[in-house]
Amino acid sequence: MGRLRTISSCWSPSWRSGCWGRRWSSATGSIDLAPPWRRVTLREAIRERTGIDVVEHPSREALAAAMGGEPDPAEGWGKLVDGLLSKAVEPELLQPTFVVDYPVELSPFAKAHRSEPGLVERWEAFVGGIEIANSFSELNDPDEQRRRFEQQAAELARGDEEAQPYDEAFVEALEHGMPPTGGVGLGIDRLAMMLTGARTLREVVLFPAMRS
């Protein structure tokens, strides 16, 4: 696909505020979409940007101390890791990058990594400082899924509103059997925004009712 010229416009969809211009101005001037895209583990990506090795801080208290503050009561270890990724790493991933090997705490529906304990088989793709794709192998073990839901229930009780609620019907469906499954969600709207130089996601949404 060659090179995509950088965009010097501001954008602020509902889940993020800020100006791309500030980030693009410090970049090399273009995004190279030619393969191969860089691959980096989530652990290494965070360590590169912050100097923090999340594996060496396995509790929320230890990780919060390494981050230089007290954890919010609603934030478990996984939430803190996700915060490091979204705030310190993601905005700096201007060139196309696959971030792989996520902690199980961040992926309650993903299958366990076949060779790395504590991780799951999941990757996300980033371009221009935003996530454009998310993919993982679907967990199809009902006993493990029940354990994951129990873990998420504890996070909900802590106050994490983004944790997954317990879904017994889903576990029962898995007990009937589900074949090996995987998938990828690609943010076509975000990709189109970059390719067209649009200022906001609303400018590339097809349906007018979604523009307001």
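Me: How many bridges join β4 to β5, and in which sense do these strands run?

Reply: Six bridges join β4 to β5, and the two run antiparallel; strands pair if DSSP finds at least two bridges between them, so the six bridges here qualify. One such bridge sets Phe98 against its partner Ala125 in β5. Strands are DSSP runs of E with at least two residues, helices are runs of H or I with at least four, and both are numbered from the N terminus.
This is a predicted model, in which local features need pLDDT of at least 70 and side-chain atom pairs count only at pLDDT 80 or more, while totals for chains, interfaces and linings use all residues. Residues are numbered from 1 along each chain as its sequence is written, and side-chain values use heavy atoms, with hydrogens and water left out.

Me: What pairs with β5 in the antiparallel sense over six bridges?

Reply: That partner is strand β6, residues 130-137. Among the bridges to β6 are those of Val127 with Ile130 and of Glu124 with Asn134. The hairpin of β5 and β6 has two residues between the strands, and Gly128 takes a positive phi near 65° there.

Me: What makes β3 and β7 edge strands?

Reply: Each of them, β3 (38-41) and β7 (182-186), pairs on one side only, in an open sheet of five strands with the order β3-β4-β5-β6-β7 and mixed pairing. Neighbouring strands of this sheet are turned by 20° against each other on average, direction ignored. Helix α2 packs on the sheet, where it touches β3 and β4, and its direction makes about 90° with that of β3; such angles run from 0 to 180 degrees between N-to-C directions of lines fitted to C-alpha atoms, for helices over the stretch in contact.

Me: Why is the pair of Phe98 and Trp123 called edge-to-face?

Reply: The ring centres lie 5.1 Å apart and the planes make 85°; rings of Phe, Tyr and Trp (its six-membered ring) pair if their centres lie within 6.5 Å, and planes over 60 degrees apart count as edge-to-face, under 30 as stacked and the rest as tilted, so both values fit the name. Phe98 lies in β4 (residues 97-103) and Trp123 in β5 (residues 119-127), so the pair ties together parts that are 25 residues apart in sequence. It is one of six aromatic pairs in the structure, and ring pairs also link Phe109, Phe149, Tyr166 and Phe170 into a cluster.

Me: Are Phe98 and Trp123 buried, exposed or in between?

Reply: Phe98 has 24% relative accessibility and Trp123 has 27%; buried means under 20%, exposed over 50% and partly exposed in between, with a 1.4 Å probe and protein chains only, so both are partly exposed. Strand β5 as a whole is nevertheless mostly covered, with seven of its nine residues buried.

Me: What makes up the largest nonpolar core, and which residues have the most contacts inside it?

Reply: This core has 22 residues, and Leu42, Ile46, Val54, Leu63, Val81, Val99 and Tyr102 have the most contacts inside it; a core is a set of buried Ala, Val, Leu, Ile, Met, Phe, Trp, Tyr and Cys residues joined through side-chain atoms within 4.5 Å. The elements giving two or more residues to it are α2 (42-50), α3 (60-67), α4 (77-89), β4 and β5, and α4 gives the most, with six.

Note on methods:
Contact means heavy atoms within 4.5 Å.
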